[in-house]
Amino acid sequence: MSSQKPVIVLIHGAFFSPVHYRRLIEPLRAKGYVVVSPPMPSTGLDDTVAGKTYVDDVKRLLEGLTPFLDEGREAVVVGHSQGGIAASALTEGQTVEERKAKGLKGGIKAVIYLTALAIPEKGATLMGLLGGTPPPIYRAEGPFYVLTEYALSPESNDMRIPKDEQMAVSKALVHQSKASLEAPVQFTAVDVTVPKTYIVCSEDPSLPASLQESMAQAAACKVVKVEAGHFPFLESTEKANEVVDIIVDVAGQ
C-alpha cells in the first residue's frame with residue numbers, strides 16, 4: 001500500500017463543470033489530497049462536444065490520472081450523477097491489482113458513487129433509464145441537450161440551493177452531448193472489482209433514493225446516506241463537508 005494519500009478523482013455530472021464542486025475540491029486539497037477533476041469532453045458550449053460519450057470522458061480522466069499512477073500513487077474515484085458511468089469505466093484495467101499483474105505501480109483502490117448512475121446492466125443507457133424521453137429539465141438542440149428555463153426555476157426543485165447562489169451556478173452551466181446520454185454502457189458498476197461505496201442522497205428529486213439504493217444493491221456497494229438533494233455540495237457547507245468526510249474515510253481504508 002502506498003504511504004502517500006491517494007489521489008482523488010472527482011467526476012462532475014451532466015451540464016455541470018468542476019467549478020461547481022469547489023466545496024468538495026478545496027477542503028480535500030486543504031487536507032493534503034491531490035484532486036484530479038478536469039472538465040469532461042461530453043460537456044461544453046461548442047461543437048467539439050458533438051458525439052462525445054463516457055468513453056471520451058475516461059480518456060480525459062486517464063490523461064490527468066495516469067502520471068500519478070505511474071509514480072506509484074493509488075486513487076479513489078468519485079462520480080457524481082452521470083459521472084458515475086465514467087467512474088465505473090475508468091477502473092477497467094486500472095485497479096491496483098490489475099496494474100500489479102501487468103508490472104505497473106499504483107492503481108485505483110476504491111470507487112464512490114455520489115447519487116450517481118451506478119448502472120448495473122451492460123448495454124443500458126441513461127436515456128433508457130429515463131424511459132426514452134428527456135425530462136422537462138432539458139431539451140434536444142442540435143448535437144446537444146440543453147437545460148430549459150424550468151430546470152433553473154424554483155418549481156423544478158432540483159438544485160435546492162440558496163437563491164442568492166443560483167445565478168452564479170446557472171451562469172457556469174453548459175450543454176451536454178446527446179451521444180453521452182444515449183451511449184450503451186459497456187463496463188458497468190457490477191464489473192468494478194474494487195470496494196464500492198454509494199452515497200445515497202435521501203431527498204434527491206432527480207434520482208430517487210429508491211433507485212439509488214437499487215443500483216447500489218445490484219453493484220454490491222456499501223451504502224452511506226446523506227439527507228440532501230441531488231447537489232449536496234451546493235446546498236450548504238455542512239452538507240458538502242458530510243460528503244468530504246465520507247471521501248476521506250474511504251480514502252483512509
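This is a short tour of a structure, one selection at a time.

Before you click anything, keep in mind that the model is predicted.

**Stop 1: the cavity**

Start inside. The structure holds one cavity of 30 Å³ or more, and the volume of this largest cavity is about 100 Å³. Its lining is made up of 15 residues; select His12, Ser42, Asp57, Gln82 and Gly83 to see the ones closest to the centre. Now colour helix H2 (54-70) and helix H3 (83-90), the elements that give two or more residues to this lining. Which helix gives the most? That's H3, with three residues. If you colour the lining of the largest cavity by class, you'll get six nonpolar, eight polar and one charged.

**Stop 2: two serines that touch Ser42**

Keep Ser42 on screen and add Ser177. You'll find Ser177 in strand S8, which covers residues 175-177. Is Ser177 buried or exposed? Ser177 counts as buried, because its relative accessibility is 0%. Show everything around Ser177, skip its neighbours within four places in sequence, and you should see contacts with Ser42, Val49, Gly51, Lys52, Pro143 and Tyr145. Zoom in on Val49 in that group: its backbone oxygen lies 3.5 Å from a polar atom of the Ser177 side chain.

Next, pick Ser180. This serine is part of helix H7, residues 178-182. Ser180 is buried too, since its relative accessible area is 4%, and buried means under 20%. Leave out residues up to four places away in sequence, and Ser180 touches Ser42, Lys52, Thr53 and Gln82. Two of those may look familiar: Ser42 and Gln82 were among the residues closest to the centre of the largest cavity.

**Stop 3: the second largest pocket**

Time for an open space. The second largest pocket holds about 150 Å³. To see its walls, select Val19, His20, Arg22, Arg23, Glu165, Ala168, Val169, Ala172, Phe233 and Leu234. Which helices should you colour here? Try helix H1 (22-30), helix H6 (163-171) and helix H9 (232-235), as each supplies at least two residues of this pocket's lining. The largest share, three residues, comes from H6. By class, the pocket's lining divides into six nonpolar, one polar and three charged residues.

**Stop 4: along H6 to Gln166**

While H6 is coloured, click on Gln166, which sits in that helix. Gln166 counts as partly exposed because its relative accessibility is 22%. Now draw a distance from the C-alpha of Gln166 to the C-alpha of Lys102. How far apart are these two in space? They are 47 Å apart, with their positions 64 residues apart in sequence.

**Stop 5: two cysteines**

Select Cys201 and Cys221 together. A quick reminder first: a disulfide is a covalent bond between the sulfur atoms of two cysteines. How many disulfides are there in this structure? The count comes to zero. Cys201 is in no disulfide, and the nearest cysteine sulfur, in Cys221, is 14 Å away. Why doesn't the sulfur of Cys221 bond with the one in Cys201? Because 14 Å is too far for a bond; a disulfide needs the sulfur atoms to be within 2.5 Å. Check the surroundings of both cysteines as well. Cys201 counts as buried because its relative accessibility is 0%. Cys221 is also buried, with a relative accessible area of 12%.

**Stop 6: two backbone oddities**

Finish with the backbone angle phi. Most residues other than glycine have a negative phi. Go to Phe15, in the loop between strand S1 (7-11) and H1. Phe15 isn't a glycine, yet its phi is positive, near 70 degrees. Its relative accessibility is 6%, so Phe15 counts as buried.

Now jump to Ala220, in the loop between helix H8 (209-218) and strand S10 (222-226). Ala220 isn't a glycine either, and its phi is positive at about 60 degrees. Is Ala220 buried or exposed? Turn on the surface and look: Ala220 is exposed, with a relative accessible area of 62%.

Definitions and conventions. Residues are numbered from 1 along each chain as its sequence is written. This is a predicted model: local features need pLDDT of at least 70, side-chain atom pairs count only at pLDDT 80 or more; totals for chains, interfaces and linings use all residues. Side-chain values use heavy atoms; hydrogens and water are left out. On a 1 Å grid over the protein atoms alone, a cavity is a set of points where a 1.4 Å probe fits but cannot get out, and a pocket is an open set with protein on both sides within 12 Å along at least five of seven lines; lining residues have an atom within 4 Å of a point. Grid points are joined across faces, edges and corners, and a volume is the space filled by probe spheres set on the points. Helices (H or I, at least four residues) and strands (E, at least two) are DSSP runs, numbered from the N terminus. Ala, Val, Leu, Ile, Met, Phe, Trp, Tyr, Cys and Pro count as nonpolar, Asp, Glu, Lys and Arg as charged, and the others, Gly among them, as polar. Buried means under 20% relative accessible area, exposed over 50%, partly exposed in between (1.4 Å probe, protein chains only). A polar contact is a pair of N or O atoms within 3.5 Å; within protein, one must be able to donate a hydrogen and the other to accept it, and residues adjacent in sequence count only if both atoms are side-chain atoms. Contact means heavy atoms within 4.5 Å.
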